[in-house]
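Open the model in a viewer and keep a selection prompt ready. The stops below are meant to be taken in order.

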Amino acid sequence: MTEHQPPGGPSGDPPDGPSGGLFGDPGSVYDAVVLAGGAARRLGGSDKPGVRVGGRSLLDRVLTACADARTTVVVADPRPTVRPVVWAREEPPGGGPLAALAAGLRHTTADQVVVLSADLPFLGHRTVRGLLTPLRHGAADGVLLTDSDGRDQPLVAAYRTGSLRRGLAALTGRHGELTGLPLRRLTGSLDLTRISDPVASFDCDTWDDIATARARIREHGHVLDEWISAVKDELGIDLDVDTGVLLDLARDAAHGVARPAAPLTTFLVGYAAARAGGDREAVAEAARKAAALALRWADEETPETPDATPETPDTRPDA
């Protein structure tokens, strides 16, 4: 049985979670399995998970999207990553997606698991949660994205862990092993819900795909959020920042005080917020205070208008 859901919002997330899809339930617990051990033949055998888009490797971009997973398993040879993960490998290496999935599932314990490929430049937290929410509240075995041509993307999906394990066990019993079997042998036996999201499901199989991804994140509507996400990853900052508040503050400081005041003020706001606990509320409160100060500063540049009240005789004793 197949259930189709309408597409979610635009897949360019703000920094708290990059990519579109549907808003999810923040209370659900899930594990993530990221398959990152493919041969990348159409990239000439290059290290596809390590290819950078927007200054971040494709693998790190995917790991950021599922950063709130209880356990994240990456099926590949170990490498430096933006955050700690559990490493796994199918035997023999290169045994295909089903063998890799089985190797990753051995390290998971949650009832729901998000299964992702490592080449999704526009995947974000909102998309991951958008997959988990209908899975948690529905009866299907899994929820997956479809691409711009309506094709299933089973490696951008959330599944019931038990359903995957039962399906893999059945295939192993039937074929003796999973090596070389196509993924559709598993997904074809599952009850799946489909969500159309051509942006979040976009994967990078060729150098043309890489070029497309690099160009898109530099477009006006995406570049700032992409940059902030990249900086947070680089600095190890896990903070949900309201960029609109900070941009308004920078504008007020630049216009009301002096242009160099904008970066200096936002730096000081960040420092003050860190001292106050470093959460979203601390940033908002520090920004509010600084913005109010900038407006008061600007007000002093406006000449005061004398009251139009009639003059009264001077009754001071020394008049």
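Is Arg89 buried, partly exposed or exposed? With a relative accessible area of 24%, Arg89 is partly exposed. Bear in mind throughout that the model is predicted.

**Stop 1: around Arg89**

Keep Arg89 selected and add Asp77. The two form a salt bridge, with 3.2 Å between the closest N and O atoms. Asp77 belongs to the loop between strand S5 (72-75) and strand S6 (86-88), while Arg89 belongs to the loop between S6 and helix H2 (97-105), so the bridge ties together parts that are twelve residues apart in sequence. Asp77 has 49% relative accessibility and counts as partly exposed; the cut-off for exposed is over 50%.

Now add Glu90. Its side chain also meets that of Arg89 in a salt bridge, at 3.0 Å from N to O. Glu90 is buried, at 4% relative accessibility.

**Stop 2: the whole chain**

Zoom out and colour by secondary structure. The chain has ten helices and ten strands. Of its 319 residues, 46% are buried. Among contacts in the chain with a separation of 6 or more, 68% are between residues 24 or more positions apart.

**Stop 3: helix H1**

Select residues 58-65, which are helix H1. How many of the eight residues in H1 are buried? The count is eight of eight, so the helix is mostly covered. The buried residues include two with charged side chains, Asp60 and Arg61, alongside Leu58, Leu59, Val62, Leu63, Thr64 and Ala65.

Add Glu226 and look at Arg61 again. The side chains of Glu226 and Arg61 meet in a salt bridge, at 2.8 Å from N to O. Glu226 lies in helix H7 (residues 223-235) and Arg61 in helix H1, so this pair ties together parts that are 165 residues apart in sequence. Both residues are buried.

**Stop 4: the nonpolar cores**

In soluble globular proteins, nonpolar side chains tend to be buried together. Here the largest nonpolar core has 28 residues. To find its best-connected members, select Tyr30, Val34, Val74, Leu116 and Leu123, which have the most contacts inside it. Two or more residues each come from strand S2 (31-35), H1, S7, H3, strand S8 (142-146) and strand S9 (152-160).

Centre on Val34 and show its neighbours. Leaving aside residues up to four places away in sequence, Val34 touches Leu59, Val62 and Leu63, as well as Thr72, Val73, Val74 and Val75, and also Leu116, Ser117 and Ala118. Another core, of 25 residues, lies apart from the largest one. To locate this other core, select Val33, Leu101, Leu144 and Ala157, which are among its residues.

**Stop 5: an aromatic pair**

Select Phe122 and Phe202. How far apart are the centres of their rings? The distance is 5.7 Å, and the planes are at 35°, so the pair is tilted. The count of aromatic pairs comes to one. Phe122 sits in the loop between strand S7 (112-117) and helix H3 (125-137), and Phe202 in the loop between strand S10 (192-196) and helix H6 (207-216); the pair links distant parts of the chain, 80 residues apart.

Phe122 is buried, at 6% relative accessibility, whereas Phe202 is partly exposed, at 22%. Add Arg216 to the view: its charged end sits over the ring of Phe122, 4.7 Å from the ring centre.

**Stop 6: charges and cysteines**

Select Lys48, Asp119 and Asp205. These residues are linked in a network of salt bridges. The whole structure holds 15 salt bridges.

For the cysteines, select Cys66 and Cys204. Cys66 is buried, at 0% relative accessibility, and Cys204 is buried, at 0%. A search of the whole structure for disulfides finds zero.

**Stop 7: Ala250**

End on Ala250, in helix H8 (residues 243-256). Why does Ala250 count as buried? Its relative accessible area is 18%, and the cut-off for buried is under 20%. Not counting residues up to four places away in sequence, Ala250 touches Ala262 and Thr266. For a last distance, pick the C-alpha atoms of Ala250 and Ala290: they are separated by 9.6 Å, and the two residues are 40 residues apart along the chain.

Methods:
Residues are numbered from 1 along each chain as its sequence is written. This is a predicted model: local features need pLDDT of at least 70, side-chain atom pairs count only at pLDDT 80 or more; totals for chains, interfaces and linings use all residues. Side-chain values use heavy atoms; hydrogens and water are left out. Rings of Phe, Tyr and Trp (its six-membered ring) pair if their centres lie within 6.5 Å; planes under 30 degrees apart count as stacked, over 60 as edge-to-face and the rest as tilted. Helices (H or I, at least four residues) and strands (E, at least two) are DSSP runs, numbered from the N terminus. Buried means under 20% relative accessible area, exposed over 50%, partly exposed in between (1.4 Å probe, protein chains only). A charge sits over a ring if NZ of Lys or CZ of Arg is within 6 Å of the ring centre and within 35 degrees of the ring normal. A nonpolar core is a set of buried Ala, Val, Leu, Ile, Met, Phe, Trp, Tyr and Cys residues joined through side-chain atoms within 4.5 Å. Contact means heavy atoms within 4.5 Å. A disulfide is a pair of cysteine sulfur atoms within 2.5 Å. A salt bridge is a side-chain nitrogen of Lys or Arg within 4 Å of a carboxyl oxygen of Asp or Glu.
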